[in-house]
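Okay, thanks for making time, everyone. I'll put the structure up and then walk you through what caught my eye.

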Amino acid sequence: MRREPKNVGRKLGLISVVVPCFNEESCIAELYHRMVPVLTEVAESYEILLINDGSRDRTLEIMRQLKAQDPKVGYLSFTRNFGHEAGLTCGIANTKGDAVVLID
């Protein structure tokens with residue numbers, strides 16, 4: 001006898017998505033626009049935490065624009081490039097979610 005998981009059809013609580021970013025100006029807005037419909041469907045609430053890992057392009061500027069248009073977006077910015085592992089660690093330490101999804 002096959003059993004369905006108990007949470008089938010139920011939305012999850014607060015989901016935090018952590019995204020380390022380094023020179024991602026060409027794709028960060030598209031990533032946001034693709035994530036939001038999925039997160040809305042699977043979670044009661046969500047937050048997207050973008051970590052700027054010392055980008056030299058317009059990544060930080062775009063992060064600020066996304067935050068200005070959506071209060072569910074947050075960002076942190078490093079003064080220089082520390083690597084994606086540091087970005088993930090920083091993001092995890094600053095989330096509020098019941099579950100954390102790492103985009104790497």
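Let's start with Asn52. Leaving out the neighbours within four places in sequence, Asn52 touches Cys21, Thr59, Leu60, Met63, Leu76, Ser77 and Phe78. This is a predicted model, by the way, so please hear everything I say with that in mind. Asn52 sits in strand 2, and it counts as buried because its relative accessibility is 3%. Among those contacts, Thr59, Leu60 and Met63 turn up again as buried residues of helix 2, so I'll come back to them.

Right, a step back to the whole chain. We've got three helices and four strands here, and reading along the sequence you get β-α-β-α-β-α-β. The C-alpha trace spans about 55 × 25 × 20 Å along its principal axes. Out of 104 residues, 37% are buried. And if you take the contacts with a separation of 6 or more, 76% of them come from residues 24 or more positions apart.

Now helix 2, residues 59–69. Which residues of helix 2 are buried? They are Thr59, Leu60, Ile62, Met63 and Leu66. Looking down the axis of helix 2, those buried residues fall within an arc of 160°, so they line one face of the helix. The background you all know: an α-helix has 3.6 residues a turn, so residues three or four places apart point the same way. On the other side of helix 2 you find Ala68 and Gln69, both exposed. As for what covers the buried residues of helix 2, that includes strand 1, helix 1, strand 2 and strand 3.

Helix 3, residues 84–93, can be read in a similar way. Its buried residues are Gly87, Leu88, Cys90 and Gly91. Around the axis they cover an arc of only 165°, and that puts them on the same side of helix 3. Turn to the face pointing away from that buried side and you meet Glu85, Thr89 and Ala93, which are exposed. What do the buried residues of helix 3 pack against? Strand 1 (12–21), strand 2 (43–52), strand 3 (73–77) and strand 4 (99–102).

Next up, the largest pocket. Its volume is about 150 Å³. The lining is made by Leu12, Ile15, Val17, Met35, Val38, Leu39, Val42, Val101 and Ile103. By class, that's nine nonpolar residues, with no polar and no charged ones. Strand 1 and helix 1, residues 28–42, each put in at least two of the lining residues, and helix 1 gives the most, with four.

Let me stay on one of those lining residues for a second, Leu12. Leu12 belongs to strand 1, and with a relative accessible area of 37% it is partly exposed. How far apart are Leu12 and Glu25 in space? From C-alpha to C-alpha the distance is 30 Å, with the two positions 13 residues apart in sequence terms.

That brings us to the loop between strand 1 and helix 1, where Asn23 lies. Most residues other than glycine have a negative phi. Asn23, though, has phi near 50°, a positive value in a residue that isn't glycine. It's partly exposed, since its relative accessibility is 30%.

Last thing: cysteines. How many disulfides does the structure hold? Zero. Take Cys21, which is in no disulfide, with the nearest cysteine sulfur belonging to Cys27 and sitting 7.6 Å away. Seen from the other end, the closest cysteine sulfur to that of Cys27 is in Cys21, and 7.6 Å is too far for a bond. For scale, the cut-off for calling a disulfide is sulfur atoms within 2.5 Å. The surroundings of the pair are worth a look too. Cys21 counts as buried, because its relative accessibility is 3%, whereas Cys27 counts as partly exposed at 35%.

And Cys21 takes us back to the start, as it's one of the residues in contact with Asn52. So if you rotate the model yourselves, I'd suggest beginning at Asn52 in strand 2 and moving from there to the buried face of helix 2. Okay, that's me done, happy to take questions.

Key. Residues numbered from 1 in each chain as written. Predicted model: local features only at pLDDT ≥ 70, side-chain atom pairs only at ≥ 80, totals over all residues. Heavy atoms only, no water. Buried < 20%, exposed > 50% of the residue type's maximum accessible area, 1.4 Å probe, protein only. Arc of directions from axis to C-beta. Contact = heavy atoms within 4.5 Å. 1 Å grid on protein atoms, 1.4 Å probe; cavity = no way out; pocket = protein on both sides within 12 Å on 5 of 7 lines; lining within 4 Å. Points joined across faces, edges and corners; volume = space filled by probe spheres on them. Nonpolar A, V, L, I, M, F, W, Y, C, P; charged D, E, K, R; others polar.
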